[in-house]
Amino acid sequence: MRLLLFSWLFLIPFLANLFCSHVVLVASQCQSDQQSLLLQLKSSLNFTVNQSVQLVKWSQDTDCCNWSGVVCDGGGHVTGLNLSYESISGGIENSTGLFGLRYLRSLNLAFNGFSPIEIPSRLTSLTDLTYLNLSKAGFVGQIPIAISRMTRELYLDGGNEWCQALSSSLTTLQVLSLSTCFLSDFSNLKSLRFSSCGLNRKFPEKIFQQLQLGNNQFDGQVLELRNASSSVLDTLDLSDKRLEGPIPKSIFQLKKLKILLLSSNKFNGTVQLDSIQRLANLTTLDLSYNSLAVNASSSSSFLPRFTTLKLASCNLSKIPNLKNQSRLFHLDLSDNQIPGEVPNWIWEIVNGPNGFLTHLNLSRNSLVGLQEPYSISNLIVLDLHANLLQGKIPPPPPSAVYVDYSNNNLSSSIPADIGDVLNTAVFFSL
């Protein structure tokens with residue numbers, strides 16, 4: 001029998017902030033020299049008037065700090081300039097107005113038509129520039145090396161020439177966003193972002209502080225990482241990348257690592273859970289849905305203090321020793337071969353002094369019962385479906401929003417007081 005019980009609608013608000021964090025609007029009066037430089041810039045650019053949204057509105061009669069696309073600091077100096085989507089086709093290479101804006105920190109020239117113009121080397125005269133966006137701006141040729149050294153964040157969309165120009169001299173660059181490039185040397189980068197760019201390349205050997213590869217597809221094996229023990233890498237997200245072969249042993253030597261996400265690949269071989277002990281700072285681990293066998297038979301209580309542990313479909317034959325995981329709030333051991341009873345020390349994690357464990361998924365295993373005494377009062381999500389549970393229906397957590405006991409051998413009788421127990425439950429399935 002399958003019962004669906006809805007007691008109230010559970011709503012979770014989501015707030016998204018998509019506005020660029022580099023732009024801060026400050027009400028101020030524009031300095032006269034700044035206004036003159038901007039008007040010189042406008043007059044030097046070739047753009048289509050009826051397609052312009054911002055440049056066409058720049059006028060001597062209004063304060064330049066109020067012009068669209070212009071950001072000023074409190075002293076009336078121009079610090080940000082957004083000229084994206086302005087149908088600009090030329091004139092920027094000789095613009096004394098632009099290169100005279102010595103307080104400029106952010107420059108966005110994306111989505112214009114500068115082809116066949118090369119990126120102006122005079123951009124290096126903007127010594128305060130930290131953000132430069134040239135994505136789909138139409139520039140050709142190589143990126144001046146000095147530009148990669150002066151900016152902290154660089155957004156590009158170009159060919160291999162651009163990649164080669166950057167690969168040997170990334171010194172102060174902290175964020176690099178590319179859509180059709182691939183580099184070979186990232187020794188100084190702290191963050192690399194390839195997001196939804198259709199990349200399909202062999203995985204790079206060198207990594208650094210944060211490696212986020214978005215929705216791109218790589219293939220092949222991940223090579224052993226050089227000097228892993230001295231790396232400052234704290235986030236490694238390689239999930240859903242079609243990577244194969246064994247997980248490099250050097251990954252487990254990344255001492256600063258806090259987040260390790262390797263799910264939904266083709267990694268194979270055996271991972272000894274004890275090898276995670278070396279990652280003392282690790283808080284989040286996801287090895288789910290590979291071709292791995294995670295061996296937890298000898299796992300000690302000296303594992304890192306996890307907040308999230310996901311080992312779904314990892315050929316586990318027992319529940320790892322997590323007795324000391326007082327900070328664990330999300331545990332997913334679903335789709336394994338775990339037999340026997342759910343040990344009652346798990347309920348101690350749920351109901352400990354801090355009561356951190358709120359999401360527990362042990363579905364699609366061979367579990368036959370819940371070891372007593374058990375108390376699951378603090379769980380928000382409890383998924384035990386597709387096991388071999390027998391006997392009476394376990395009382396659902398009163399704080400739960402999702403409970404699934406379906407596809408077991410539990411008694412079909414529903415407790416009469418279940419409505420009182422499910423104070424906040426949204427979904428209950430038998």
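## Overall composition

The secondary structure of this chain consists of six helices and 27 strands, and the model that shows them is a predicted one. The chain has 430 residues, of which 50% are buried. Its accessible surface amounts to about 20100 Å², with 49% of that area belonging to carbon and sulfur atoms. Among the contacts in the chain with a separation of 6 or more, 47% are made by residues 24 or more positions apart.

## The nonpolar cores

The largest nonpolar core holds 58 residues, and the members that touch the most others within it are Ile247, Leu260, Leu287 and Leu311. Two or more residues are given to this core by each of strand 15 (266-272), strand 17 (291-295), helix 5 (345-350) and strand 22 (366-370). Of these contributions, the largest share comes from helix 5, which supplies five residues. A second core, of 36 residues, lies apart from this one and includes Cys30, Leu38, Leu41 and Cys72.

The surroundings of Leu311 can be described residue by residue. Once its neighbours within four places in sequence are set aside, Leu311 is in contact with Leu273, Leu287, Val294, Leu316, Pro320 and Leu333, and also with Ser288, Asp332, Ser334 and Asn336. One of these partners, Leu287, is itself named with Leu311 among the core members that touch the most others. Cys314 is buried as well, with a relative accessible area of 1%.

## Parallel strand pairing

Strand 15 pairs with two other strands. Strand 13 (residues 243-246) runs parallel to strand 15 and is joined to it by three bridges, and in this pairing Glu244 has Lys266 of strand 15 as its bridge partner. Strand 15 also pairs with strand 17 in the parallel sense, here over five bridges, and Gly269 stands opposite Leu292 of strand 17. Both strand 15 and strand 17 are among the elements that give two or more residues to the largest core.

## Val342 and its surroundings

Val342 belongs to strand 20, which covers residues 339-342. Because its relative accessible area is 0%, Val342 counts as buried. Beyond its neighbours within four places in sequence, the residues in contact with Val342 are Trp347, Leu362, Leu367, Gly369, Leu370 and Gln371. With respect to Lys318, which is 24 residues away in sequence, the C-alpha to C-alpha distance from Val342 is 9.9 Å.

## The two disulfides

A disulfide is a covalent bond between the sulfur atoms of two cysteines. In this chain the count of disulfides comes to two, and when the bonded cysteines are counted along the chain they follow the pattern 1-2, 3-4. Cys30 and Cys64 form one of the links, with their sulfur atoms 1.7 Å apart, and this link is right-handed, with 70 degrees about the S-S bond. The pair connects distant parts of the chain, since Cys30 lies in the segment before helix 1 (32-44) and Cys64, 34 residues away, lies in the loop between strand 1 (46-47) and strand 2 (70-72). Cys30 is buried at a relative accessible area of 12%, and Cys64 is buried at 0%.

Cys65 is joined to Cys72 by a disulfide with an S to S distance of 2.2 Å. The torsion about the S-S bond of Cys65 and Cys72 is about -100 degrees, and the disulfide is therefore left-handed. Both partners are buried, Cys65 with a relative accessibility of 10% and Cys72 with a relative accessible area of 2%. Cys30 from the one link and Cys72 from the other are both among the members of the core of 36 residues.

## A buried asparagine in a loop

Asn112 is located in the loop between strand 5 (106-108) and strand 6 (131-133). Its relative accessibility is 12%, so Asn112 counts as buried. Polar atoms of the Asn112 side chain face two backbone nitrogens, that of Ser87 at 3.1 Å and that of Ile88 at 2.9 Å.

Residues up to four places away in sequence being left out, Asn112 touches Leu83, Ser84, Tyr85, Glu86, Ser87 and Ile88, together with Lys136, Ala137 and Gly138. The contacts of Asn112 thus include Ser87 and Ile88, the residues whose backbone nitrogens lie 3.1 Å and 2.9 Å from a polar atom of its side chain.

Terms used: Residues are numbered from 1 along each chain as its sequence is written. This is a predicted model: local features need pLDDT of at least 70, side-chain atom pairs count only at pLDDT 80 or more; totals for chains, interfaces and linings use all residues. Side-chain values use heavy atoms; hydrogens and water are left out. A nonpolar core is a set of buried Ala, Val, Leu, Ile, Met, Phe, Trp, Tyr and Cys residues joined through side-chain atoms within 4.5 Å. Buried means under 20% relative accessible area, exposed over 50%, partly exposed in between (1.4 Å probe, protein chains only). Helices (H or I, at least four residues) and strands (E, at least two) are DSSP runs, numbered from the N terminus. Contact means heavy atoms within 4.5 Å. Accessible areas come from the Shrake-Rupley method with a 1.4 Å probe; for residues, only the protein chains shown count as cover. A disulfide is a pair of cysteine sulfur atoms within 2.5 Å. A polar contact is a pair of N or O atoms within 3.5 Å; within protein, one must be able to donate a hydrogen and the other to accept it, and residues adjacent in sequence count only if both atoms are side-chain atoms. Two strands pair if DSSP finds at least two bridges between them.
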